[in-house]
Amino acid sequence: MEQKNLFEAIRKEDVVIFAGAGFSRYAGYPLGGELGKLLVDKLGPDERSKVSVSAPLDYLAEEIIRIKHGSRDIINQALKDIYWAPAQSTADHDLLVSIPHFRTIITTNYDRLFEDAYKDDALLIFKETEVSSWDDKRVNILKIHGDLSDESSIILTREDYSRFYRQDYSSPFWATIIKAIATKTILFLGYGYEDPNVWSIFQHVYDYLGDNRKPAYFVSPAASDEKIQFLNSKGIHYISHTGETFLNALLADIKEHIFEDMRNKWLSPETFRKFTSRQRLAISLKDAGESYQVQSIEGKDGEPMHGNMKFKHASDSDFDKRFQAFFEQGQTAELVFGETELATFRMDVEGLKLFGEGELGKVSLIKTPKIIPFDLVFSADGFEMRNLTAQIYTGKKSINIRTKLHTLSFQLTIDFSNQGDPDANWSMEHDAIYRNVNEELEVHGFLKHFFSQKVATIYLGKDNKFVKQCPTYDEQRIKDAETHLNYFIGLKNVEKAFGVRFTDFYPIDQDSVDDLNWILHVINGGRFEKGESMELTFGELSTETIANLEKLKDSEAPMELTMNSDLTMLLHNQRLPVPGAHTEIPFPEVTNIDELRNGGKVLKVKSRTGTIYQRFLLDPFPSVIEDE
């Protein structure tokens, strides 16, 4: 009964997760006692003898800081070494992400599993100033023990906890925690009943709220009677599960009720669409006031659906004729069910239980095509694309051929219904994201050949082929293809120069073209104007050096400097560091000779031409270390 009540609360999007170290244990991160031992291992032999490994973690951490004379550096570094190390597994967190019913996660963990799992959907909050960024459309992750990106936020020692509890409950951070516990059902994952600090936090809030709170549930495997009694004393319901088995049971329950919950408006349309989308479904909803209704169900991105369906229909009816034609003639058009058939229709799709008789507004079937491999060759220019596949829908009167040339979807329909030569019509569509440079070179190479009406040879297997001239000449599209080809050739040069690979990036725009041209200018050793003057910091200069610098104003030779650079360029989410810079100052003149004579360490120099030039180097300028 307790599990049923909790599952219903989750399906109503009414649950906040309170996650502890046990929920990250499977990923290789330590529990409290294990963390204490790892911290002690960072001490020297003499220092280890001064602490007790069996002491509570907060006391142990405080003792280590005392031994280190108040410094937390060894603890901070150890925490980063431990919790920023790659996870051994992320299976449970990935499973949690597949359940979009949670909008708030409160955690005492230092690791980044939640942030990494939710990616762009995650909103990390661990400071007072971040609470104002709360976003109900994302997963708000409250790290109440701080985050290692800000060492000052970490709560670990007894003094840290004391300071944490002394905070004003009306502060934004505490107010957020109190609101979550007061207005939502709490689900504890990854805690032991021995964890004193989390219970202290929970008890602080419960005492503050009194009876104004919702139920709380504690998930843990094989708890003893004593543990269950302890939880009951806190007003917390116990459910026996590991994190993995709990999430799997929850996922199964959601799959069983997702459409019922949607119809009852227990969850938002956004959550419903996210969940069903992860089951490879595209579903259209209609708001009918007190409920939502399913208008249509399709495979996501045009993919076929898998499931079971049952329905009744009368023989010799219009639907019966269309049903027979769909399978016998091999047509590509959808087979749409009528009202009579929908009244008796029941279906399970992709493991989700759908409501049955009379509850769907539209059902349609799409035939699965035959898959044929082929190679595409433009022999005259030596351009070819190999190992492609085509989806072929055959019928008595037409053939529909669909293929994917990397990120380009291409469709050709051949109609035999008229006498004489068959009619052929084509269409194409490019994906919204480019996967990599090599593929786009092939795609736009194809587009250039296609719109130039080149002759193509299509090889079907070892011995079968046919030759056909491309049907359409389009000068503008040829120019567009050439523009893209030049761009991707430039990207290849950047990949080679910096040892990177561009993947999963958006189509180009003028900004990306400008950025690429700037980077290629760097790669090719091009010069940039840096202004009229610059400043350089040195150690104290000798009298002889200052005298030589003063003579520069009468010199026509340029001053040239090569040094390390901290410039990092960004292109399609790739960071491109430029480690070196060469500066050329034509007709140089030092403008602060008197300051240098008086011990100044900043050299101010200008070009009498009014322009200093700089070019960047892809190899770092080596440091020079003089032997003592």
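Which residues line the second largest cavity? Ile297, Met305, Met347, Leu360, Lys362, Val363 and Ser364 do so. The model is predicted, so that local features need pLDDT of at least 70 and side-chain atom pairs count only at pLDDT 80 or more, while totals for chains, interfaces and linings use all residues. Residues are numbered from 1 along each chain as its sequence is written, and side-chain values use heavy atoms, with hydrogens and water left out.

**Cavities**

- A search of the whole structure finds 2 cavities of 30 Å³ or more, a cavity being a set of points on a 1 Å grid over the protein atoms alone where a 1.4 Å probe fits but cannot get out, with lining residues having an atom within 4 Å of a point.
- The largest cavity has a volume of about 70 Å³, where volume is the space filled by probe spheres set on the points, which are joined across faces, edges and corners.
- Its lining includes Val97, Phe102, Tyr118, Asp121 and Arg278, and by class holds 6 nonpolar, no polar and 4 charged residues, where Ala, Val, Leu, Ile, Met, Phe, Trp, Tyr, Cys and Pro count as nonpolar, Asp, Glu, Lys and Arg as charged, and the others, Gly among them, as polar.
- The second largest cavity encloses about 40 Å³, and its lining has 5 nonpolar, 1 polar and 1 charged residues.

**Helix packing**

- Helix H4 (residues 57-67) packs with helix H8 (residues 158-165) at an angle of about 115°, their axes lying 7 Å apart; helices are DSSP runs (H or I, at least four residues) numbered from the N terminus, and axes are lines fitted to C-alpha atoms over the stretch in contact, with angles running from 0 to 180 degrees between N-to-C directions.
- Asp58, Tyr59 and Glu62 in H4 meet Arg158, Glu159 and Tyr161 in H8, contact meaning heavy atoms within 4.5 Å.

Terms used: On a 1 Å grid over the protein atoms alone, a cavity is a set of points where a 1.4 Å probe fits but cannot get out, and a pocket is an open set with protein on both sides within 12 Å along at least five of seven lines; lining residues have an atom within 4 Å of a point. Helices (H or I, at least four residues) and strands (E, at least two) are DSSP runs, numbered from the N terminus.
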